[in-house]
Every structure is written in C-alpha cells, then in structure tokens.
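I opened this notebook page to keep track of what I looked up in one structure, going from strands to charged pairs to enclosed space.

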Amino acid sequence: MSSSTAFTVATVDTGHEDMIHDAQMDFLGTKLATCSCDKTVRVFDVNINHGSQTFVAELKGHEGPVWQVAWAHPRYDTLLASCSYDRKVIIWKETTEIKPDGKKVVKWDASFVYEGHDSSVNSVCWAPPEWGLMLACGSSDSSITVLSYVNDRWVASKIPNAHTLGCNAVSWAPAQAPSFDKTNEVQPVKRFASGGCDNLVKIWREENDQWLEEVKLEGHSDWVRDVAWSPAAGLTRMKIASSSQDRRVIIWTNKESDGISWTPEPLHVFDDVVWHVSWNFVGDVLAVSGGDNQVSLWKKRETDSWECISDSSKSCIQNEQRTL
C-alpha cells in the first residue's frame, strides 16, 4: 500500500426500515445481501465497475430481528442463509422462471427452515465447498448446530452446551489440501471456531461423524463477539482473529498446524466494544469494526508487528504515510 492509494466508497440505500445488522457480498462480488431489525433480508445486484446496485428482492419469513446473512459457494446454486432472534435459520434459494413470452423472472424462496434452537440464532457460516453443503449455526441457547445436505435433505447435528450463556459467532477453517508427499500424507480435517458469552474461543473438529471440542482458547475477559478464521489455505500456519466486549482483538496462530498449539497475539485495544472481524481473501489484512462506528484495516509488517493501514476516520492513513 502506498501513500497514493485511494479507496472508493459507495453508499447503498438499502430501503430497510430499521437498524441494519449485517451486509455480505457473495463469492463473485455481484450480489449484496443485507438484514435488519425490520425482520427482512434484502438482496441487490451489484455492478462493481459502475459502483451501482439494483434492488432484486425483499425476503420475508423471519418474525424477529435478523442478525446475520451468509452466501453459499456458487458451485451450489445461489443460496443465502439468514438467522434471527426468532430462533430460526432460513436457507433461501434463487430460481429463474421463464415466462411464456420468454422473459426471465428471478424469484427467491425459502428452501429450508430450521427451527431446532430454543433461543436466538446469532451467527451462520457456510463450510468450505470441499465439504459439501454444510452450515454452522450458533445460538444463545448455548448450542451450535451443523446442518448438512445429505441425500437430498438437510440433516442437523447439534453440539449441546458449546458455550455457557450462548454462542455469538462461528467461522469455518479452510479445507486443507492433502500433502503431495505420499509418505506423509495429511488427511483433511473439518474444523470451525466459535466464540461465546463464556469469554472463550473454541475449536471444534469432526471425528467419526461427531463434533468434538479440540481446544479452548482463553485470552478475553468479556464476551467474545466475533471470530474469523483466516481463509488462506495451504499456508504453514493456521490463524484466527477474535473480537470481544473487552475492546480487544486477539490473533491466534497455530504454527504446528496440529490444531492444538495456539499462540495469542493482542492486535490492539480499541475505544469501544469490537463487534466484527473479517479477513480479506488471502488472509493478510484484517478488517475491524466496533461500537465507535469506525472500521479499520490491519496488516502484519515484516517487523512482525500489526499496523493499522486505514480506518474510516482517516487517522490511520496518516500513520501509514509516516511509516513509508
């Protein structure tokens, strides 16, 4: 990044009638989904080149505030998951209907509704496409459900008492490719991380069709609000970012790739609660957003320290210019 780097900011009039809780682009960057306290999910077509958005559909089916949305990988059609205070997870599917006059009409329908939780469902995250259609769902009822599409139907596998007082976030590990060294081939493992009201980050792995707690990471002093597993597959180390009510972000690194030996590295102490953390596609820049209504971008330098390279208040851009 140089001092001449420019950021393009586009404003989207979502049309929601209440607070927006989440906004997610799809894998190809051509669709945007937003969700709100107004109980709806809204879908837009996005033209990145022109910076324009076209409203496509308003999805109604939830009976409470919708907390989060997540796009499935495009190899599995166009699917969007949403979760809500109403205890429901809805999987929406886009279909195209051809009218007699040849005109194409795009429709969105609720393909599947999961109602197996006893309290608010706070987070949904799709597994890497290598595992098939799998969706992790974290709930305030302390449990996590993994929904899998098997033999043309959705099957639920529940992890009871995953986090005391509730689970706030779930994030899948990338699928690890087998080693080319056949004498020491590493079998891929299904893993995901979760964060909860017990101040813990936990890592879960599938073994014999059961989800087992692999390790718990202790470092936060208040509720963990979000977790984000770095998507960079094939690297020699695994990396997770967690954010908390304690105003801190911690980067957890597993250098041995064994899933057990994790080293915490504090990123920064912010001025307010940190609600969300999100990696870029290659896993070397972390976006952080919090209760101060600011978004900042962080990158690890060659000096092995994390530095803020941009934020919405512009202060970090000045810091970045001074370091170049």
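The entries below follow the order in which I looked things up.

**Entry 1, the model.** I note at the start that this is a predicted model, and I read each item below with that in mind.

**Entry 2, the first hairpin.** I began with strand β1, residues 20–25, and strand β2, residues 31–36, which pair in the antiparallel sense over five bridges. To fix the register for myself, I looked up the partner of Ile20 and found that Ile20 stands opposite Ser36 in β2. Five residues lie between the two strands of this hairpin, and among the backbone angles there I wrote down that of Gly29, which takes a positive phi near 75 degrees.

**Entry 3, the sheet around the hairpin.** Which strands does the hairpin join, and in what order? I found an open sheet of four strands, ordered β1-β2-β3-β4, in which the pairing is antiparallel. The edges of this sheet are β1 and β4, the latter spanning 52–60, and each of them pairs on one side only. From one strand to the next the twist averages 20 degrees. As a reminder for reading side chains along such strands, I added that in a regular strand they alternate between the two faces of the sheet.

**Entry 4, the record.** I then turned to UniProt, where an unreviewed entry carries the annotation "repeat: WD" over residues 59–93 and 217–252. For the stretch 59–93 I checked the model itself, in which the chain is 0% helix and 54% strand, with the end C-alpha atoms 10 Å apart.

**Entry 5, salt bridges.** How many salt bridges does a search of the whole structure find? The search returned 16, and I followed several of them individually.

- Asp77 forms a salt bridge with Lys93, with 3.7 Å between the closest N and O atoms. This pair links distant parts of the chain, 16 residues apart, since Asp77 sits in the loop between β5 (66–71) and β6 (79–84) and Lys93 in strand β7, residues 89–98. Asp77 is partly exposed at a relative accessible area of 48%, and Lys93 is partly exposed as well, at 29%.
- Lys99 and Glu97 form another salt bridge, their closest N and O atoms being 3.4 Å apart. I looked up the accessibility of both, and Lys99 is partly exposed at 35%, while Glu97 is partly exposed at 32%.
- Lys190 and Glu206 meet through their side chains in a salt bridge of 3.3 Å, N to O. Here too the pair links distant parts of the chain, with Lys190 in the loop between β13 (167–172) and β14 (191–196), and Glu206 in strand β15, residues 200–207. Glu206 has 23% relative accessibility and counts as partly exposed, because the buried class requires a value under 20%.
- Lys31, Asp45 and Glu94 are linked in a network of salt bridges.

**Entry 6, enclosed space.** My last search, over the whole structure, was for cavities of 30 Å³ or more, and it found one. The largest cavity holds about 40 Å³ of space. Which residues line the largest cavity? I listed Ala72, His73, Tyr76, Trp126, Ala127, Pro129, Gly132, Leu133 and Met134 as its lining.

Notes: Residues numbered from 1 in each chain as written. Predicted model: local features only at pLDDT ≥ 70, side-chain atom pairs only at ≥ 80, totals over all residues. Heavy atoms only, no water. Pairing = 2+ DSSP bridges. Axes fitted to C-alpha atoms, helices over the stretch in contact; angles between N-to-C directions. UniProt positions renumbered as here; feature names shortened; annotations may be inferred. Salt bridge = Lys/Arg side-chain N within 4 Å of Asp/Glu carboxyl O. Buried < 20%, exposed > 50% of the residue type's maximum accessible area, 1.4 Å probe, protein only. 1 Å grid on protein atoms, 1.4 Å probe; cavity = no way out; pocket = protein on both sides within 12 Å on 5 of 7 lines; lining within 4 Å. Points joined across faces, edges and corners; volume = space filled by probe spheres on them.
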